[in-house]
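Me: I would like to learn how to read the features of a protein structure step by step. Could you take me through one?

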Amino acid sequence: MNSANTGVNIAISFHNVTKRFVEKEAVSSVTLQIARGQVFGLIGPNGAGKTTIFSMMAGFLKPSSGIVEVLGFRAGDTAALSSRIGVLPQDALLPSGETVGDFLTNMAALQGFGRNAKTVARDALNDVGGGDWWTLRCSGLSHGMAKRVAIAQAFLGEPELVLLDEPTAGLDPRVAFEVRQQILKRKGRSTIVVSSHNLHELEEICDAAAILDRGKIVACNAIAELTASNEELHIQLSEGAIPLEAIRAISLVTHAAFDSERGDLSVYFKAGDVDSVMFEVLTALLREKARVRGVSVGRGLEKRVMELT
Amino acid sequence: MPPLVEIALVARRELRRNLRSAKGLLLLALSASGGGLTALALHKLHAAGADTLGPEQLEQLAQEAATRSYNEEIGRSLSHAPITLLFLLPISIWLAPLLVSLVGFDTLSSDLQFRTIRYWTVRARRESIFIGKVAGLWAAISLCTLATQAVAWGVLLGKGESSAVEMLTWGAKLWAMTLPMGLVWCAIAVLVSGQFRSPMLSMLTLQVVFIGIWAVHLFAKMRDYEWMTRLYPNNFDSLILSPDLATSALGVFGCLVYAAIVTATGALLFAKRDV
């Protein structure tokens, strides 16, 4: 079983889920659990099945076989889940004939906000920096504005679970940063699932992630585990002697190698106290008057995904 | 949230969407002006007929026409209505499916095509969305036909065809009698619309379905299959227009059952499909 957290406090659970379209099996026997309060990433190349898995979580698609549970209920059980989940679908257009204000007020009303629907909708719009867009028609919004309105509807009423499909795609860097801050602000309060191609972003905001390839989960773990950030160290050096033996002698270190062409020293160690290993390795290097250009922990999510897919 | 509140919210949104859209406004304008022009043309015919035949004979002719279309009982009861309204009635009944198909073909299909429906399906039961769409479309169509009728009443009042009280009483009554049949057409339209992601395909299929229902009705009429003629919603007019309250109620009930069956089927299919 692929599991990010096997504790009892599970927000989303996939049990042996398969989804077939007419000629293609988009998702094959996926088993997955996402713990409550996590920011969880879905990663994979195009066609890996990210959006299909995401759509089954949101209840848009029904699994061909297997069970998908969301907050303890069958996915798509709107009677139980309405107002408890917020969803940003990747390719759903906003209703062209409606104003932003009408659209968000309708959404808030359907979430049961009654007379407060307008206030809740305005607050959500202000949160994404769109306070002035209330009277604009959805059809007249730019791609970035429409995305932010869609993000506003996903966060309406602070739902327990938020599913975000490509939340920062097409946004300028400043707005993308703000969206990431919105996600980080909710960390721990809401469970957030993010499907994205932006691996640096996922590495920054996620606690755990599943890497998908051709409809299957090829890795699922905490980000620190996936990136080996607690068992791998890379140091870029420009000149000076490399005290490989001294580094290998450090207690937790299992292996060390120097790539002279790239000037990259790789140090592998037993999972443990990264800071103390880094301190000892750097002390050994500085003792030999090595010129350190940079230090990175782990191998990076991007490299990991490239290895696995 | 209670399903009824969800239905009301979806229906209200659907009504607004229809009445605010360019298509809705255009159809409203066309229907209203069409109603006015038809009323004017019928009034001119009526006036010409009255000059030639005299008012009593003309009323007799109208009663005979209504008797031939329905039965003697209905012919007698309708003979008191303003004659132009009487001739407007079958036109509005016959044009209702066309209006429904033009307004309703994209009720669900356009939301499915652009996946806009996804914003709703996470918040409201699929069944509520479907029923709300039917209710909203029905409300829009009813308002559209009311506007058409109102323009016609205005024209006829302006021409002094009958008193305001008589015109409004009969006008409102005849308009109300078309509503149950309109509901069935709306349910069928949303059922068909919910099967397609392409509004164009939905519109074409809807036309085929409506014409198919009409063809089945013709076939049933030729073969005297009474029950089968009721598959054509407009055929309930012979019951609804009856002056006998029980018969009229039976017609309304028949329409409601028909609409309920179609709506339940559509809601079930919509609840099971991927969006």
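Reply: We will go through the contact between two chains, and then a sheet, keeping in mind that this is a predicted model.

Me: What is the area buried between chain B and chain A, and how many residues does the contact take from each chain?

Reply: The size of an interface is often given as the accessible area lost when the parts come together. Here about 2,500 Å² is buried between chain B and chain A, and carbon and sulfur atoms give 53% of that area. In chain B, the residues that lose the most area to chain A are B:Tyr119, B:Val122 and B:Arg123, which together account for 34% of what that side buries. The contact takes 30 residues from chain A and 23 residues from chain B.

Me: How many salt bridges does the rule find across this interface?

Reply: A salt bridge is counted when a side-chain nitrogen of Lys or Arg comes within 4 Å of a carboxyl oxygen of Asp or Glu. The rule finds 5 salt bridges across the interface of chain B and chain A, while the structure holds 26 over all chains. One of the pairs is A:Glu98 with B:Arg13, at 2.4 Å from N to O. Another salt bridge joins the side chains of B:Arg20 and A:Asp102, at 2.9 Å from N to O. Because B:Arg20 lies in helix 1 of chain B and A:Asp102 in helix 3 (residues 100-110) of chain A, this pair joins two chains.

Me: Which helix of chain B gives the most to the side that touches chain A?

Reply: Between chain B and chain A, 15 residue pairs are in polar contact. Helix 1 (3-20), helix 7 (117-121) and helix 13 (245-272) of chain B each supply at least two residues of the side that touches chain A, and helix 1 of chain B gives the most, with 5 residues. By class, this side of chain B has 12 charged, 9 nonpolar and 2 polar residues.

Me: Now for a sheet: what is the order of the strands in the open sheet of 4 strands in chain A?

Reply: Strands of a sheet pair through backbone hydrogen bonds, either parallel or antiparallel. In chain A the order is 12-13-11-14, with antiparallel pairing, and the edge strands, each pairing on one side only, are strand 12 (253-259) and strand 14 (292-297). Neighbouring strands of this sheet are turned by 15° against each other on average, direction ignored. Strand 12 and strand 13 (residues 264-269) of chain A pair over 6 bridges, and A:Ala257 has A:Ser266 in strand 13 as its bridge partner.

Me: Which helix lies across these strands?

Reply: Helix 10 (residues 274-287) of chain A lies across strand 11 (232-237), strand 12, strand 13 and strand 14 of chain A, and runs at about 30° to strand 11.

Methods. Residues are numbered from 1 along each chain as its sequence is written. Chains are lettered from A and ligands numbered from 1 in the order in which they are written. This is a predicted model: local features need pLDDT of at least 70, side-chain atom pairs count only at pLDDT 80 or more; totals for chains, interfaces and linings use all residues. Side-chain values use heavy atoms; hydrogens and water are left out. Contact means heavy atoms within 4.5 Å. Buried area is the accessible area (1.4 Å probe) that two parts lose on being put together, summed over both. A polar contact is a pair of N or O atoms within 3.5 Å; within protein, one must be able to donate a hydrogen and the other to accept it, and residues adjacent in sequence count only if both atoms are side-chain atoms. Ala, Val, Leu, Ile, Met, Phe, Trp, Tyr, Cys and Pro count as nonpolar, Asp, Glu, Lys and Arg as charged, and the others, Gly among them, as polar. Two strands pair if DSSP finds at least two bridges between them. Axes are lines fitted to C-alpha atoms, for helices over the stretch in contact, and angles run from 0 to 180 degrees between N-to-C directions.
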